There are 2 protein chains.
Amino acid sequence: MDIPTAEIVCLGNELLIGVTTNTNAVFLGRHLTKLGYEVRRVTCIRDDLKLATEFFLEVFERKPDLILISGGLGPTYDDIQLEVLSKATKLDLVENEVALKQIKKYYDKKKNAGLTKERRKMALMPTGAEVLQNYVGGAPSCYLNFVGIEIYCLPGVPTEMKDIFMRHILPRLNKKQNKKLYEKKFQIFQSIESQLAPFILEIKNKHGDLYVKSHPAYKDKQGIIIHISGLGEEAESEVDKAIEELQNLLRKNIPDIKMEPFVD
Amino acid sequence: MDIPTAEIVCLGNELLIGVTTNTNAVFLGRHLTKLGYEVRRVTCIRDDLKLATEFFLEVFERKPDLILISGGLGPTYDDIQLEVLSKATKLDLVENEVALKQIKKYYDKKKNAGLTKERRKMALMPTGAEVLQNYVGGAPSCYLNFVGIEIYCLPGVPTEMKDIFMRHILPRLNKKQNKKLYEKKFQIFQSIESQLAPFILEIKNKHGDLYVKSHPAYKDKQGIIIHISGLGEEAESEVDKAIEELQNLLRKNIPDIKMEPFVD
């Protein structure tokens with residue numbers, strides 16, 4: 001079975017001008033990888049209708065199985081995610097009644113209630129979009145299948161994005177027949193990456209289907225983290241074996257090496 | 001004068017599988033924006049020779065003025081930044097003597113000294129690359145001018161990347177005649193983005209050259225941050241004026257609004 005591919009797209013000038021650190025990509029990338037997707041690219045693009053539309057035309061040509069988009073669903077003039085998608089897919093932007101009801105209900109509870117023009121705008125979705133309710137914020141999320149590509153449109157605010165992903169998207173992707181990820185990590189002290197490199201390569205060459213990687217200065221921890229993973233149930237014993245082989249190789253060749261299990 | 005454009009490229013599976021949060025992009029994006037560049041895209045790509053080479057061919061077609069690349073200069077088998085650049089530019093990968101000397105000097109001080117194959121690999125650079133010394137880690141950085149595009153090749157480890165950027169790259173970019181950024185921010189309480197949206201749009205329409213944006217839930221602060229900026233000395237008075245106009249407009253229309261200056 002081919003490994004399904006995914007792209008993550010984050011829309012918003014704040015990600016390009018260094019105002020916001022892209023924590024959405026790490027959350028989505030982690031989940032997609034565990035679900036068995038190969039995340040091919042994470043791209044941050046500006047709130048610019050022309051540039052963003054050109055960008056999506058390129059993505060569609062690459063034909064990933066899945067696209068997750070975050071950012072640009074809100075009420076302000078530069079929230080243009082769905083307008084961009086409409087242009088790139090040539091699917092008309094229409095007022096979605098399900099979305100409009102959810103928006104009305106959300107703002108009716110607010111002090112300054114009412115369906116203003118800016119709030120109504122959030123119900124404009126490409127024809128055929130399926131609404132995914134946002135239980136945290138005002139902007140509904142949606143799903144679109146375009147030329148066989150599954151597209152999920154998410155808001156950029158992390159609390160809203162995460163709730164929608166966990167509630168609506170994760171259960172759907174979980175049901176797919178992808179081979180899921182199996183992984184193990186361990187931590188090395190008293191050595192440096194360039195000393196470890198030949199042994200890591202030896203194990204990588206022996207287990208071509210596995211991902212074998214060293215991470216220096218990982219998550220502010222000392223030492224080097226070794227990360228080995230593979231897809232599907234058959235990967236479990238192979239990952240365990242590769243870990244054991246690498247540790248034996250290191251112990252033999254670097255006598256004073258210190259290794260410890262690593263848990264995220 | 002046209003605004004110079006830039007792209008930031010981050011190479012490394014760890015950014016796509018959700019292991020590492022991309023803090024390099026926020027650091028580089030912030031500096032480039034202040035230096036007057038329009039950062040058009042931030043793209044994270046995998047350590048895959050074919051996919052990464054295809055990606056760079058696309059970037060070259062877009063002809064940004066500047067490309068900053070981080071990640072993939074190290075000694076392991078999957079550190080392929082310069083190999084990818086060599087393929088995409090068709091500039092031969094050759095052993096750079098300046099780089100080799102720096103690498104030798106760096107590892108001579110280590111317990112396990114010597115120029116191993118893996119360390120020597122880090123001196124392989126596209127023909128014509130200018131070496132930028134890495135004072136923090138082992139992998140030298142380099143600069144390349146390819147068909148008029150300025151390309152800086154940086155390591156992915158943040159401490160190394162930042163030191164090289166501040167030491168070698170920032171002073172060079174600072175010398176360019178770009179119009180520098182001028183910006184101001186303030187914070188709003190007792191309101192929500194959809195209520196502010198029409199007033200922000202009014203100010204944006206009045207000051208078309210300025211960037212006028214609201215950020216909800218910004219950096220874990222409460223409320224909404226308003227961010228107004230422009231390029232060049234002539235922007236200074238216009239930004240100040242736009243801030244004043246927006247605050248007056250908000251005070252008039254939302255009587256119980258609370259506003260405070262915001263400092264990062």
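Select A:Leu132 to begin the tour of this predicted model. A:Leu132 is buried, since 21 other C-beta atoms lie within 10 Å, where the threshold is 20 or more. The residue is found in strand S6 of chain A. Display its surroundings next: apart from residues up to four places away in sequence, A:Leu132 touches A:Pro140, A:Ser141, A:Cys142, A:Tyr143, A:Ile164 and A:His168. Then draw a distance from A:Leu132 to A:Glu244; these residues are 112 apart along the chain, and their C-alpha atoms are separated by 45 Å.

**Helix H5 of chain A**

Strand S6 (130-132) also leads to the next selection, as it is included in what covers the buried residues of H5(A). Select residues 97-108 of chain A, which form helix H5. The helix has 12 residues and reaches 16 Å from its first C-alpha to its last, close to the 16 Å expected at 1.5 Å a residue.

Colour A:Ala99, A:Gln102, A:Ile103, A:Tyr106 and A:Tyr107, the buried residues to inspect in H5(A). Viewed down the helix axis, the buried residues of H5(A) fall within an arc of 120 degrees, so they line one face of the helix. An α-helix has 3.6 residues a turn, so residues three or four places apart point the same way. Now rotate to the other side of H5(A), where A:Glu97, A:Lys105 and A:Asp108 are exposed. Return to the buried face and add helix H6 (117-120) and strand S5 (124-126) of chain A, which, like strand S6, are included in its cover.

**The whole of chain A**

Zoom out to chain A. Its secondary structure comes to nine helices and 12 strands, and its C-alpha trace spans about 70 × 40 × 30 Å along the principal axes. Colour the chain by domain: domain 1 covers 5-174 and domain 2 covers 181-261. The C-alpha centres of domain 1 and domain 2 of chain A lie 37 Å apart.

Of the 264 residues of chain A, 48% count as buried. Among contacts in chain A between residues at least 6 apart in sequence, 67% join residues at least 24 apart.

**The nonpolar core**

In soluble globular proteins, nonpolar side chains tend to be buried together. The largest nonpolar core here has 105 residues. Select the members that touch the most other members: A:Ile8, A:Leu68, A:Cys153, B:Ile8, B:Leu68, B:Ile69 and B:Cys153. Centre the view on A:Ile8, which touches A:Ala25, A:Leu28, A:Gly29, A:Val39, A:Val42 and A:Leu68, when residues up to four places away in sequence are not counted.

**Between the two chains**

Show chains A and B together. Which residue of chain A comes closest to the rotation axis? A rotation of 180 degrees with 0.0 Å of shift along its axis superposes chain A on chain B, with an RMSD of 0.0 Å. That is the relation of a two-fold axis. Select A:Thr43, which comes closest to the axis among the residues of chain A, at 2.2 Å for its C-alpha. The same surface serves both copies, as 100% of the contact residues of chain A recur in chain B.

Next, select the interface: 51 residues of chain A are in contact with 51 residues of chain B. On the side of chain A that touches chain B, the elements giving two or more residues are helix H1 (13-16), helix H2 (23-34), strand S2 (38-45), H6, helix H8 (193-206) and strand S10 (211-216). H8(A) gives the most to this side, with eight residues.

**Helix H9 of chain B**

Move to B:Leu249, in helix H9 (residues 234-253) of chain B. Is this residue buried, exposed or partly exposed? B:Leu249 counts as partly exposed because it has 16 C-beta neighbours inside 10 Å. Leaving aside neighbours within four places in sequence, B:Leu249 is in contact with B:Phe199 and B:Glu202. Its C-alpha is 50 Å from that of B:Leu132, with the two positions 117 residues apart in sequence numbering.

**Two loop residues with positive phi**

Most residues other than glycine have a negative phi. For an exception, select A:Lys63, whose phi is near 50 degrees. A:Lys63 lies in the loop between helix H3 (49-62) and strand S3 (66-70) of chain A, and it counts as exposed because it has 10 C-beta neighbours inside 10 Å.

Finish at B:Gln190, where phi is near 65 degrees, again a positive value in a residue other than glycine. B:Gln190 lies in the loop between strand S9 (181-189) and helix H8 (193-206) of chain B. With 14 C-beta neighbours inside 10 Å, B:Gln190 counts as partly exposed.

Methods
Residues numbered from 1 in each chain as written. Chains lettered and ligands numbered in written order. Predicted model: local features only at pLDDT ≥ 70, side-chain atom pairs only at ≥ 80, totals over all residues. Helix = DSSP H or I, 4+ residues; strand = E, 2+ residues; numbered from the N terminus. Buried ≥ 20, exposed ≤ 12 C-beta atoms within 10 Å, placed from the backbone. Least-squares fit on C-alpha atoms with pLDDT ≥ 70 in both. Contact = placed C-beta atoms within 7 Å. Expected span 1.5 Å × (residues − 1). Arc of directions from axis to C-beta. Core = buried A, V, L, I, M, F, W, Y, C linked by C-beta atoms within 7 Å. Domains from an automatic or database assignment.
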